[in-house]
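Here's a look at the empty spaces in a protein model and at what fills one of them. Have the structure open while you read.

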Amino acid sequence: MTNGNKKCGRDYVRPGTGANLSMKMQTPLADTARELVADDKGLLAMDESNPTCDKRFAELGIPQTEERRRAYRDMIVTAPGLAESISGAILYDETIRQKTNDGRPFAEVLADAGIVPGIKVDAGATDLAGHPGEKVTEGLDKLRDRLAEYRGMGARFAKWRAVIALGDGIPTRTGIEINAHTLARYAALCQEAGLVPVVEPEVLMEGDHSLKRCREATQEVLEAVFDQLSRQGVSLEEMLLKPNMVLPGLDAPDQESAEAVADVTVRTLLRTVPAAVPGIAFLSGGQPAQLASARLNAMNVRFRGRLPWAVTFSFSRAIQQPALEIWRGDDAHAAAAQKALLYRARCNRAARRGEYGEAMENPDQSSRS
Ligand code: 5MM
C-alpha cells in the first residue's frame, strides 16, 4: 500500500477479494461517494475553466475578468438553501482559491452549508496526435501533487472529463482506449490521495448521428472505461460515474421522446456499469434545462426500484444557465439569479425522485419560491 492509501484509510480489504460483499463498504471514500448521491440530491458542476466561463460571459456582454468570475461564483455558493437539492459542487482551480464578498473561501462556505466541495483536476482536452477529430484530456503530469494541494484546500472529490466525438470514422478504438486509460490513471491517483474520483467520459451531442449510434459508442466507451478501472485497481465503491445520456445528435432528424431516451440510456448503463458503483450523475451536455430534467425524471419513473445505483445529475449549463442570464454581471440581480438557480436545482431533485413534470415549469416566479 502506498502512503496515500494509508492516509485515506483504505488499508482494509482490497475490493474484489470477495470479503464482506453483502455489506456496504465503510471507508471515508465510500462514505463520501454515497453522501454525494444521498437524499435525492445531485451535483452542481461549476467547474468551467476560464476560457469556457469567459465564453459564456461574452455571449451575455459580461466583462471577462477574474473579479466578475469570482462575483458570479459568489452568487452561486451563497445561494440560500442550495444544499436542499445539491450534495456537492465541483469547483475550478481559480475558483477554489477565491473568496466570498465577506472573505471566506468558497470551499469553506460550501462545506459549512452541507455541500461537499469538489474540484475539476483535468487540464482540458487537446488534439490526439495522429487521430484527426479526436481528443485526449491532459493533466496527469504532477497530478499527485495537485491532488494533495486540493485536498488541503478542502476538496473531498475530484472530476476529470474525457471527450469523445462522433463522426466519420471516429471514435477510433485507439481514441477510446487512450481516454479510458487516462481516466483510470486519474481515478487511481484520486483514491490514493483520499479524493473520490468522478469519472466523466462524455460522448458529445454534436452531429447528426442517430440514437443507435450514440448507444453503440457509449457502450463501447463505458466498457473500455470499466475495463481500465478494473485493471488499474480503482475501487468501484469509492467513485462515481458522470456519463452522457444516450441521445440522438443535435442535428439528427429524429429526436426521440424523453421515455425513449430514458430506456436506451438506462439499458446501456445496466449493460456496462457494475452495481458496486454507488451512483451515476449525468452531465447535461448542452441539452435545454427542461429537457434534461424531463429525461432524468423519465429514467427514475420507468426504472424505479430496479436500479443498482443512484441515478442523479451533475449538471452545469442545465442548472446555471437561467441564473447566469438573469445575473448578467450585475450584482444587483444576484438575489433573482439565486432564485432561478435554486429553482432548477429543485426541478432536478424532483426529477431524481420521479416527481418532475411540466407543472413545475410554471412561468409565475411567485409559485416557485
Ligand atoms: C462546466 O463544464 C465542464 C467543462 O468545463 P471546461 O470545458 O471549461 O473545462 C464540464 O466538465 C462539466 O462539468 C460537465 O460536462 C457538465 O456540464 P454540462 O454543461 O454538460 O452539464
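What follows goes from the pocket and its ligand to the cavities, then to two spots in the backbone.

## The largest pocket

First things first: this is a predicted model. Its largest pocket holds about 780 Å³ of space. The lining counts 33 residues, and the ones closest to the pocket centre are Thr 52, Arg 56, Lys 120, Arg 161 and Arg 317.

Where does the lining come from? Two helices, H3 (50-59) and H12 (317-327), and three strands, E6 (157-164), E7 (196-203) and E10 (310-315), each put in at least two residues. H3 gives the largest share, with 5 residues. If you sort the lining by class, you get 14 charged, 10 nonpolar and 9 polar residues.

## The ligand in its place

Which space does the ligand take? It's the largest pocket. Around the ligand sits a shell of 18 residues, and the closest are Ser 49, Thr 52, Lys 159, Ser 284 and Gly 285. Thr 52 thus turns up twice: among the residues closest to the pocket centre and among those closest to the ligand.

The strands show up again here, as E6, E7 and E10 each supply at least two residues of the shell. By class, the shell breaks down into 9 charged, 6 polar and 3 nonpolar residues.

## Polar contacts and burial

Now for the contacts to ligand oxygens. Arg 317 places a polar side-chain atom 2.6 Å from an oxygen atom of the ligand. Just before it in the chain, Ser 316 uses its backbone instead: an N or O atom there lies 2.9 Å from a ligand oxygen. Asp 47 works through its side chain, with a polar atom 2.9 Å from an oxygen atom of the ligand.

How much of the ligand does the protein bury? Taken alone, the ligand exposes 500 Å², and the protein buries 92% of that.

## The largest cavity

Besides the pocket, the structure has 3 cavities of 30 Å³ or more. The largest cavity has about 60 Å³ of space. Its lining is made of Glu 48, Cys 53, Arg 56, Phe 57, Tyr 72, Ser 316, Arg 317, Gln 320, Gln 321 and Leu 324. H3 and H12 are the elements that give two or more residues to this lining, and H12 has the largest share, at 4 residues.

By class, this lining splits into 4 nonpolar, 3 polar and 3 charged residues. Some names should ring a bell. Ser 316 and Arg 317 line this cavity; Ser 316 also has a backbone atom 2.9 Å from a ligand oxygen, while for Arg 317 a polar side-chain atom lies 2.6 Å from one. Arg 56 is another lining residue of the cavity, and it's also among the residues closest to the centre of the largest pocket.

## The second largest cavity

The second largest cavity has about 50 Å³ of space. Lining it are Glu 202, Val 203, Met 205, Cys 214, Asn 244, Met 245, Leu 247, Leu 283, Ser 284, Gly 285 and Gln 287. That makes 6 nonpolar, 4 polar and 1 charged.

There's a link to the ligand here too: Ser 284 and Gly 285 line this cavity and are also among the residues closest to the ligand.

## Two backbone spots

Which two residues does the cis peptide bond join? They are Ile 170 and Pro 171, with omega at about 10 degrees. Pro 171 belongs to the loop between E6 and helix H8 (173-193).

The other spot is Asp 39, which has a positive phi of about 55 degrees although it isn't a glycine. Look for Asp 39 in the loop between helix H2 (28-36) and strand E1 (42-45).

Technical notes. Residues numbered from 1 in each chain as written. Predicted model: local features only at pLDDT ≥ 70, side-chain atom pairs only at ≥ 80, totals over all residues. Heavy atoms only, no water. 1 Å grid on protein atoms, 1.4 Å probe; cavity = no way out; pocket = protein on both sides within 12 Å on 5 of 7 lines; lining within 4 Å. Points joined across faces, edges and corners; volume = space filled by probe spheres on them. Nonpolar A, V, L, I, M, F, W, Y, C, P; charged D, E, K, R; others polar. Near = heavy atom within 4 Å. Polar contact = N/O pair within 3.5 Å; in protein donor to acceptor, adjacent residues only side chain to side chain. Areas by Shrake-Rupley, 256 points an atom, 1.4 Å probe, with all protein chains shown as cover. Sits in = over half its atoms within 2 Å of the grid points.
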